[in-house]
Amino acid sequence: MNNVMDTRLVEIYSDAVRDDRIQLVADILRSGGLAVIPTETVYGLAANAYDSDAVAAIFAAKGRPQDNPLIVHIADMDMLGDIVSEVPDSARRLAEAYWPGPLTMIMRRGDKIPASVSAGLDTVAVRMPSNPIARQIIRHCGCPLAAPSANLSGSPSPTTAEYAIADMMGRVDCIVMSDDCEIGVESTVVLLADGQARLLRPGGITLEQLEAVIGPVAVDSAVLSSQLTGRVSSPGMKYKHYAPKTKVIMVDGDCEQYAGYVCRSAQPAAAVCFEEDVPLLGQLPHVAYGRQGDDRSQAHGIFTALRRADQLGAEVIYAHAPSRSGVGLAVYNRLLRAAAFEVVTL
Ligand code: TXA
Ligand code: MG
């Protein structure tokens, strides 16, 4: 697709929310346009979820494979009834605990949602973001918004307005320039249709948090493997994804092992590492993405670090593997895909 559209940049920061600007963005969306909007996880590329032409335009703007379904965003519980045909009890309880917030629940799709939103599946993914600007835009639209992350398909999700602009300028009607995303990785995706509870994508709400409310949750094999065999339950998890242009390899080991390994690299290398690794890396180009024992800081920094590491002129990026507990599971899952499943264990 050529960069041919006239893209309007609209500044709406959380400390200076302007009603007229919210209205402007809502008007664009209501009339079938595409708008990049901030959420607490990552920036989203939004369109009216009831408008199948607008939904088709999302796939075109992102270069997204047609078999990868979208998440529908709502502002309040009243909107849910029109989107799903049935709300399981587990979904009700999780909504009470974690909505608004970084949790996406998959339920049976209602008739008003075009099949293209769900890539033809009979389920639909729904989330109520906690970002107040996102919710105000949805409320002013009066309709739910279908929105994938606002990156070009395959690239790291944008967690700053600057990166959303880098990917979407000329491809959408407007981009809301707002604060950096608080969480930094996408929402948790959990399948709740047909009496199951299955984690398809780890994210801002942890597996432990889900289980505290609804009991045992199965972890889909796609979360930690390349899923080259078997049925795909979350199409978005089967692609190489979240990747900078430079080749990425994930390296699992303690700080000394990691630093020793990357400093011996035969190719020009860069490190995407913990702050604690930095003193051990000598002159090696690096970007720290968080503190070693702090999964929230890692989630917040990972996508920006991958984009910045692409500018370091290296032939290979070695990413230090995080622990898989808490939000670390989401960070590990994203790095695994950025690395196309290439992991070195020391
Ligand atoms: O935090 C987020 O979720 C962000 C912000 C913008 O809300 N959105 C986001 O959307 O990450 P996207 O399109 O990049 O990822 C949606 C994921 C994909 O892995 C997709 O395959 C999965 O959700 N998904 C959506 N609908 C599904 C369905 N009906 N069944 C299984 N997986 C589904
Ligand atoms: Mg995405």
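A residue counts as buried when its relative accessible area is under 20%, as exposed when that area is over 50%, and as partly exposed in between. In the predicted model described here, R93 has a relative accessible area of 36% and is therefore partly exposed. A salt bridge joins R93 to D89, with 3.3 Å between the closest N and O atoms. Both residues belong to helix α3, which spans residues 89-98, and they are four residues apart, or about one turn of the helix.

The framework in which such contacts are set includes an open sheet of eleven strands with mixed pairing, arranged in the order β1-β8-β2-β3-β7-β4-β6-β5-β9-β10-β11. Strands β1 (8-11) and β11 (218-219) stand at the edges, and each has a single partner strand, so one side of each lacks a neighbour in the sheet. For β1, pairing with β8 is parallel and extends over four bridges. Within this pairing, L9 has I175 of β8 as its bridge partner.

Strand β5, formed by residues 103-108, is flanked in the sheet order by β6 and β9. Its pairing with β9 is parallel and comprises four bridges, and M105 is matched there with V190 of β9. With β6 (residues 123-127), by contrast, β5 pairs in the antiparallel sense over five bridges. In that case, M107 has V124 of β6 as its bridge partner. Of the six residues of β5, five are buried, so the strand is largely enclosed by the rest of the structure.

Attention now turns to the charged side chains. Side chains of opposite charge can pair when their charged atoms come close. The model contains twelve salt bridges in total, among them the contact between R93 and D89 already described. Another is formed by the side chains of D20 and R18, with an N to O distance of 2.9 Å. Each partner of this pair is partly exposed: the relative accessible area is 46% for D20 and 36% for R18.

A further salt bridge, at 3.1 Å from N to O, brings together the side chains of D167 and R307. This pair connects distant parts of the chain, since D167 lies in helix α5 (residues 161-168) and R307 in helix α8 (residues 295-309), with 140 residues separating them. D167 has a relative accessibility of 9% and is therefore buried. R307, at 12% relative accessibility, is likewise classed as buried. In addition, a network of salt bridges links R108, D122 and D194.

Charged residues also contribute to a surface feature. D15, E162, D179 and D180 together form a negative surface patch. Of these residues, D179 is located in the loop that runs between β8 (174-177) and β9 (188-191). The relative accessible area of D179 is 31%, so this residue is partly exposed. Membership of a patch requires a relative accessible area of over 30% and the absence of a salt bridge. The two strands that border the loop of D179 also take part in the pairings described above, β8 with β1 and β9 with β5.

Key
Residues numbered from 1 in each chain as written. Chains lettered and ligands numbered in written order. Predicted model: local features only at pLDDT ≥ 70, side-chain atom pairs only at ≥ 80, totals over all residues. Heavy atoms only, no water. Patch = residues over 30% accessible without salt bridge, like charges linked within 9 Å, V, L, I, M, F, W, Y side chains within 5 Å. Areas by Shrake-Rupley, 256 points an atom, 1.4 Å probe, with all protein chains shown as cover. Salt bridge = Lys/Arg side-chain N within 4 Å of Asp/Glu carboxyl O. Lys, Arg positive; Asp, Glu negative; His and termini not counted. Charge placed at Lys NZ, Arg CZ, Asp CG, Glu CD. Buried < 20%, exposed > 50% of the residue type's maximum accessible area, 1.4 Å probe, protein only. Pairing = 2+ DSSP bridges.
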